[in-house]
Amino acid sequence: MPRYTPEQLARRNASPWTKSQAILAPIQFLIFLAGLTVTYLYSQGLWITDFWWVTFFVALKTFMLVLIFVTGGFFELEVFGHFAFAPEFFWEDFGSAIAMIVHLSYFILFFWVKPAEHILILTAYLAYLSYLINAAQFVIRLLLEKHNEKKLKQQKIA
């Protein structure tokens, strides 16, 4: 399943965009956990009584998603020669695009459609679920790539 050639692996390891992704991804995950918690607490009428907090965390999460997508695009450009949807990252980028669409749909509903609050809460939950699925794609890829990198190092030693 190797997706990185040895040259691409060297570019990945030398890229400042790799480090930015390693810093931004855990921050995004913490924002996800906070947003999911706030949304749940509000929907259950526990401690959070202002719907503004739900929207704030969806906005913050959306900002992080866009920031990681853009910095990831620079990473892909440096390593694979494509800003986004490089063949090696197609499905991860596709998942990111879906997550972005779902996150942005919250604001389309919020500002233009103005549905009942429970619809916005369901949309927030869907946005968080879409992120979670996309994050799982990246974690699985990272684990597989670490295994591949270990294999390449062993072949170099032998």
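Me: A pocket is an open set of points on a 1 Å grid over the protein atoms alone where a 1.4 Å probe fits, with protein on both sides within 12 Å along at least five of seven lines; its lining residues have an atom within 4 Å of a point. Which residues line the second largest pocket?

Reply: In this predicted model, local features need pLDDT of at least 70 and side-chain atom pairs 80 or more, whereas totals for chains, interfaces and linings use all residues. Residues are numbered from 1 along each chain, and side-chain values use heavy atoms, without hydrogens and water. The second largest pocket is lined by Pro6, Leu9, Asn13, Glu149, Leu152, Lys153 and Lys156.

Me: Which helices supply at least two residues each of that lining?

Reply: Helix 1 and helix 5 do so, helices being DSSP runs of H or I with at least four residues. Helix 5 gives the largest share, 4 residues.

Me: What makes Pro6 and Leu9 nonpolar, and Lys153 charged?

Reply: Pro and Leu belong to the nonpolar class (with Ala, Val, Ile, Met, Phe, Trp, Tyr and Cys), and Lys to the charged class (with Asp, Glu and Arg); the others are polar. The lining of the second largest pocket thus has 3 nonpolar, 1 polar and 3 charged residues.

Me: What volume has the largest pocket?

Reply: The largest pocket has about 830 Å³, and the second largest about 180 Å³. Of the 31 residues lining the largest pocket, Gln21, Ala22, Ala25, Phe89 and Phe138 are the closest to its centre. Its lining has 17 nonpolar, 8 polar and 6 charged residues, and helix 5 supplies the largest share, 9 residues.

Notes:
Grid points are joined across faces, edges and corners, and a volume is the space filled by probe spheres set on the points.
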